[in-house]
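Please load the model in your viewer and keep the sequence panel open beside it. The stops below say what to select next and what is there.

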Amino acid sequence: FCSNTPSRLRRLQAMALMTPEKAKATETVPDERTAVSDSEGLADAGSEASTETPPEVAIDADIMPDVPETPDSKVTGGKRLALEGEPSFLQEVVLTIRRGIWQNRLPTMMAIMVGSLFMGLYYGVPATEPVFRAVGDFEKDIPVLFSMFASMLCAGLAPMLVQFCLTRSWPKPFLSHLLFVVLFWSFLGVYVKGQYTFNAWLNGDTAELGTVIRKIVCDQFVFSPLVNYVWITACFRFRDCNFSCSEFRASLKDRRGLLLQFCAMNVANWSTWLPGVAVIYSMPSALQMPCWSVIIFFYSSLLTLISSSTSARETKETEAGPAAAEEV
């Protein structure tokens with residue numbers, strides 16, 4: 001840094017070595033040197049005062065323009081930039097995942113408990129066998145329609161109704177959200193049914209431990225991250241853009257945000273669906289979609305409950321902000 005300005009360095013050193021007697025002697029000369037020594041004395045005082053500040057603050061304003069600044073550097077000429085406090089992408093992913101897991105902890109626990117109860121009733125309570133047999137036979141008769149309506153009702157319309165009961169308001173624009181819920185969740189139900197059928201053809205249709213483990217690995221580490229969450233992330237991004245094609249195209253340019261959302265969705269969903277699909281694949285094929293529908297109903301409803309409470313609290317804090325500022 002100093003090697004680029006040798007003349008200015010010598011000038012600063014000369015000012016620093018000036019004795020008080022020399023400065024006093026220069027004050028007695030009633031000519032142009034008086035003004036020069038006064039300015040040097042002020043510069044000397046400024047340099048002495050600047051040495052008392054931290055190195056990152058003690059920067060000569062006359063020398064700073066000579067130092068080129070680069071956007072990648074965190075410290076330029078001893079001056080710390082504001083970008084130093086920005087987290088890296090990996091830190092953002094970790095923070096987003098931790099926040100998502102913490103916020104979804106209750107829905108996740110509910111989904112695990114419901115799935116375990118479903119499996120416990122099937123294998124541990126013989127009195128429930130007629131009920132499960134009737135549900136399985138009904139699913140076998142109309143597998144596509146059953147998957148479509150079960151997904152639309154349990155994962156889409158029921159949580160929307162829960163949200164209305166809590167907030168006394170429908171999502172806006174209502175018709176667009178309603179159409180999205182009907183189309184998206186109906187298609188997702190058929191898609192999940194097809195994925196379970198393909199997984200059974202690929203890895204077997206039994207409830208043995210090895211078969212269940214192979215199905216879980218294919219489901220959660222192949223199908224979901226490489227295929228499912230790609231188009232699911234795009235669908236929810238389109239919804240969050242208020243169903244505007246122009247805003248959606250513009251949001252796709254934010255590759256960092258998309259990748260962050262994708263990574264966070266994968267890890268957060270693993271906390272719920274790793275145990276969830278373990279329960280589902282432990283059931284017969286005819287009961288897998290009913291089990292999935294029950295799990296996602298409780299998961300989505302409780303998640304909607306928590307999200308509504310959080311949104312209401314944030315709204316109150318936002319409205320209370322201006323009032324508190326006026327009081328201050």
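**A guided tour, starting in a loop**

Begin by selecting N242, which is partly exposed, with a relative accessible area of 49%. The model you are looking at is a predicted one, and the backbone at this position deserves a look before anything else. N242 sits in the loop that links α9 to α10 (245–251), and its phi is positive, at about 60°, although the residue is not a glycine. Most residues other than glycine have a negative phi, and most peptide bonds are trans.

**The whole chain**

Now zoom out and colour by secondary structure. The chain holds 12 helices and two strands, and, read from the N terminus, its elements follow the order α-α-α-β-β-α-α-α-α-α-α-α-α-α. If you then colour by accessibility, 32% of the 328 residues of the chain count as buried.

**The loop between α7 and α8**

Next, select R168 and P173, two residues to be found in the loop between α7 and α8. R168 has a phi near 60°, a positive value in a residue other than glycine, and R168 is exposed, its relative accessible area being 64%. Further along, display the backbone atoms of K172 and P173: the peptide bond that joins them is cis, with omega at about -5°.

With the loop still in view, show the two helices on either side of it. Two packed helices are described by the angle between their axes and the distance between the axes. For α7 and α8 the axes are 7 Å apart and the packing angle is about 140°, and the two helices are therefore oblique to each other. The crossing in which α7 passes α8 is right-handed.

**From α8 to α9**

Keep helix α8 (residues 174–203) selected and add helix α9 (residues 209–240), whose axis comes within 11 Å of that of α8 and crosses that axis at roughly 160°. That angle makes α8 roughly antiparallel to α9, since angles over 145 degrees count as such. Here too the handedness can be followed on screen, for α8 passes α9 in a right-handed crossing. Which classes of residue make up the contact of α8 with α9? By class, 17 of the residues in this contact are nonpolar, six are polar and four are charged.

Within α8, pick out Q195, and ask whether this residue is buried or exposed. Q195 counts as buried, because its relative accessibility is 11% and the cut-off for buried is under 20%. Then draw a distance from Q195 to D219: the C-alpha atoms of these two residues are 8.3 Å apart in space, while the residues are 24 apart in sequence.

**Helix α5 and its two sides**

Move back along the chain to helix α5 (residues 105–124), and draw the distance between its end C-alpha atoms. That distance is 27 Å, which agrees with the 28 Å that its 20 residues should span at 1.5 Å a residue. Show the side chains of α5 and colour them by accessibility: P107, T108, A111, V114, G115 and F118 are buried. Viewed down the axis of α5, these buried residues fall within an arc of 135°, so they line one face of the helix. Turn α5 to its other side, and you will find the exposed residues M113, L117 and G124.

**Helix α6, treated in the same manner**

Continue to helix α6 (residues 129–141), where the check on length can be repeated: its 13 residues should span 18 Å at 1.5 Å a residue, and its end C-alpha atoms are 18 Å apart, which agrees. The buried residues to select in α6 are F132, G136 and E139. They cover an arc of only 60° around the axis, which puts them on the same side of α6. The face of α6 that is turned away from this buried side carries V131 and D141, which are exposed.

**A last pair: α4 and α11**

Finish by selecting helix α4 (residues 89–103) together with helix α11 (residues 255–280). Their axes are 9 Å apart, and the two helices pack at an angle of about 40°. How are α4 and α11 oriented with respect to each other? At this angle they are therefore oblique to each other, and α4 passes α11 in a right-handed crossing.

Note on methods
Residues are numbered from 1 along each chain as its sequence is written. This is a predicted model: local features need pLDDT of at least 70, side-chain atom pairs count only at pLDDT 80 or more; totals for chains, interfaces and linings use all residues. Side-chain values use heavy atoms; hydrogens and water are left out. Axes are lines fitted to C-alpha atoms, for helices over the stretch in contact, and angles run from 0 to 180 degrees between N-to-C directions. Helices (H or I, at least four residues) and strands (E, at least two) are DSSP runs, numbered from the N terminus. Angles under 35 degrees count as roughly parallel, over 145 as roughly antiparallel, 65 to 115 as roughly perpendicular and the rest as oblique. A crossing is left-handed if the near helix is turned anticlockwise from the far one by less than a right angle, and right-handed if clockwise. Ala, Val, Leu, Ile, Met, Phe, Trp, Tyr, Cys and Pro count as nonpolar, Asp, Glu, Lys and Arg as charged, and the others, Gly among them, as polar. The expected span of a helix is 1.5 Å times one less than its number of residues. Buried means under 20% relative accessible area, exposed over 50%, partly exposed in between (1.4 Å probe, protein chains only). The arc is that of the directions from the helix axis to the C-beta atoms.
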